[in-house]
Amino acid sequence: MAKHISFGTPVNDAERWAFGLLADELPADYFLLTNVEIPTKTGQAMEVDALVLGQWGVYVVDVKGYIGRLDAGLHAWQLDGRDVDNSLSKANYVARVLAGKLKHKVPVGVYAPWCQGMVFVTGRKGEEIELDKSGESLSIYTPDEIIAALTKEWGLTAPHKHPVSRAQKELVLDTIGQVALVESRNNKIQDFIKLKCLFLQEGLEVWQAEYNPGGWTAPWLLKILQPIEFSDAADAERHEERLRDEFRRLQALSGLSAVPYSAPLIQDGEQLVLPIRMPRGLPLHLLKLADLSVYQLLEVLRRSITALKQIHRRGFTVGGWAENCVFVSDGGDVEFIDIRSDVTEDEDIQAYAARFSAIAEATGQPRVYQWFRAAARGGAGDADALRADLSALIEQGVCEVDTAKFSAMPGAVIDHHYRLLEQTAKAEHSELWKAAHILGNYPVAVSLYHGSDASWSMLSSLYRSLSRISHPAVEQVLALGQLPGGESLYTVRRWLAGVSLDAIGAIEPGQPLRWFAKLLSALNYLHQLDIYHGGICPQNIIVDGDEVTLVNFGLGLDIAASRYASQYADPAFWAEEGEAERDIYGLVASFIDVLTPLALKGDMGPEGMLNALHQFDRAYLGDTLFDCCEAVLTFKAQIDPASCYLRQFGLDDWLDVNFR
């Protein structure tokens, strides 16, 4: 793109189009001076459409918007049979005048450059023009030839051809006079000085600029609309309305950290300008993730999702998610510079997730990147939940991601926090370990789930729920994550003394009913919060004296798969049951299974389970408890979490079970 310095306004559309073509197509070291006046000895000035300072010479270009067939001779021209002026003779005359002035001003050691006239016949924006020259040496060209004529040696009419030096170009500019002043005027809009053109398309320009009121400067972007450059007036009006709408959006979002400040619109009669403060930092795609710590990555994500929600709460969406329209500063601040508000909030979150997914993956935190994966696929991402997770990770502390594949063995360390001590159970897809919290020096239980990456979304949601509640009969979940180098998940829980329900030894009178009441009360509490265990069986119930605790929420260990509640029930009925009904069924079936003597168990299928219940003393259990258990096992029970489970099962005497 040539350096274009405009001394005046184009007088017609042909000149405007011609100047645009020349500016775009000529090399960067060319100067294009348009609508410039060349002074003569008498003090008068001759106007030149365009003056091109090129590699081989100085060209005085006369622009003609002729349409039709042009027959051009050395002395006479005809357009479709009609006589027209010979523009080449005029251009050559001006070129001779300019050459004479250059020879008088040339300093010692510098030769005057070759000056020649040239005619550029544009037609209708490069079309509907046919040229027939009587001599090939005539410098008359159509749009197909003009650039080559100005840049190639053959376009020069000089008998001896020499490249134009930098000193010769400066001599021409000095002869024209005030070029620097005109260039400065053209590149200044009020106190904004244009520095670099970033985008240029019919009537639309984006410039990097600086605000320089005197004494200090600040970087800005200028979005410039020039209606006169549009071939269609209606198209110009549409773009003007879009620019005004963008200004209104930026004003409505002013004060938000992710939205750049915009100055008032500037309209000077020829152009409409929207100044926007230059965003800080780098475009997102230039951010070097490898140079950032996990904390910094999490902070970028937290600030970005917070900013997006702030924009949504004001009734707007971003919409413009191109890689060069999102900026990140050194401090982790995020700015969006293309706020279109032309998509729905769900579409905006999906586009956001896709754009920031690389950062999420780089954190190595499953709670984070699993959310981005799901949201980028179109899943309705809960932005508030993500923000809460990010804040929790930053507050609780995270370590750099370990990329080495994890091997479960005594002494192995998970997430730099937990050291495995002793394996207490193992199956094909899961392991249970006693471990130690390294810094806190206390025991914890660690469960490893292999090949369970597909269950992440459910487990993550369940973990968030469990981490925010506390109940004496519900395990305390400390952490949930993904092991490095694979698709294995892990959960960390408070270490519980005691044994599973099916491994209990001697049982004191009244203990089973106490355990059952405590677990029933806990399920009542969880179900009211829409939290469900999903796999209650004897090995997921831990007993220690009078205390009892539900463990392994979300995934019943496959160690206990043979005792899983769904194995007790008819599969057809089980598939139709709700989550609350399944939990209650698992609780009832687990106690009946453990408390029934081996000689009376049978196969413990649906019929065997019901027969086992009938071996219990109805009078001892009480009619209400017996009938409720029977209704649960036959899938006739109506479970209502809003009602007290203890009362539904006739255990009114145990309402204070957690206080005994």
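**Note on the strand and helix packing of a predicted model**

1. An open sheet of four strands, with the order 7-6-5-9 and mixed pairing, is a convenient place to begin. Strand 7 (82-84) and strand 9 (129-133) stand at the edges of this sheet, and each has a single partner strand, so one side of each is left without a neighbour in the sheet. Direction ignored, neighbouring strands of this sheet are turned by 25° against each other on average. The model is a predicted one, and what follows should be read with that in mind.

2. Within that sheet, the pairing of strand 5 (residues 68-72) with strand 9 is parallel and consists of five bridges. The register can be checked at alanine 72, whose bridge partner in strand 9 is lysine 133.

3. For the chain overall, 20 helices and 28 strands are found. Of its 660 residues, 49% count as buried. Among contacts in the protein chain with a separation of 6 or more, 61% are accounted for by residues 24 or more positions apart.

4. Strand 4 (residues 58-64) deserves separate attention, since six of its seven residues are buried, and strand 4 is therefore largely enclosed by the rest of the structure. The cut-off behind that reasoning is a relative accessible area under 20%. On one pairing, strand 4 runs antiparallel to strand 3 (residues 45-53), to which it is joined by four bridges, and the two are connected as a hairpin through four residues. Valine 60 in strand 4 is the bridge partner of leucine 51.

5. Strand 4 also pairs with strand 8 (residues 115-121), here in the parallel sense and over seven bridges. In this pairing aspartate 62 stands opposite valine 119 of strand 8. Strand 4 thus takes part in an antiparallel pairing with strand 3 and in a parallel pairing with strand 8.

6. Strands 12, 13 and 14 can be taken together. Strand 12 (residues 192-201) pairs with strand 13 (residues 204-211) in the antiparallel sense over eight bridges, and leucine 200 stands opposite glutamate 205 in strand 13. The two strands form a hairpin with two residues between them, and glycine 203 in the turn has a positive phi of about 80°. Strand 13 then pairs with strand 14 (residues 218-225), again in the antiparallel sense and over eight bridges, with glutamate 210 standing opposite proline 219 in strand 14.

7. A further open sheet has six strands in the order 20-21-22-23-25-24, with antiparallel pairing. Its edges are strand 20 (413-414) and strand 24 (477-482), each with a single partner strand, so one side of each is left without a neighbour in the sheet. At the strand 24 edge, five bridges make an antiparallel pairing with strand 25 (residues 489-494), in which valine 477 has arginine 493 as its bridge partner.

8. Turning to the helices, the axes of helix 12 (residues 511-528) and helix 15 come within 11 Å and cross at roughly 170°. An angle over 145 degrees counts as roughly antiparallel, and helix 12 and helix 15 are therefore roughly antiparallel to each other. The residues that make the contact include Trp515, Phe516, Leu519 and His527 of helix 12, and Asp583, Leu587, Phe591 and Leu595 of helix 15. By class, this contact of helix 12 with helix 15 has 12 nonpolar residues, one polar and one charged.

9. Helix 15 (residues 579-595) also packs with helix 19 (residues 623-633), at an angle of about 115° and with their axes 9 Å apart. Helix 15 and helix 19 are therefore roughly perpendicular to each other, and helix 15 passes helix 19 in a left-handed crossing. Ile584, Tyr585, Val588 and Ile592 in helix 15 meet Cys629, Val632 and Leu633 in helix 19. By class, the contact of helix 15 with helix 19 has seven nonpolar residues, with no polar and no charged ones.

10. Two residues of helix 15 link the last two points: Ile584 and Val588 are in its contact with helix 12, and Ile584 and Val588 are also among the residues that meet helix 19.

Conventions. Residues numbered from 1 in each chain as written. Predicted model: local features only at pLDDT ≥ 70, side-chain atom pairs only at ≥ 80, totals over all residues. Heavy atoms only, no water. Axes fitted to C-alpha atoms, helices over the stretch in contact; angles between N-to-C directions. Parallel < 35°, antiparallel > 145°, perpendicular 65-115°, else oblique. Left-handed = near helix turned anticlockwise from the far one by under 90°. Contact = heavy atoms within 4.5 Å. Nonpolar A, V, L, I, M, F, W, Y, C, P; charged D, E, K, R; others polar. Buried < 20%, exposed > 50% of the residue type's maximum accessible area, 1.4 Å probe, protein only. Pairing = 2+ DSSP bridges.
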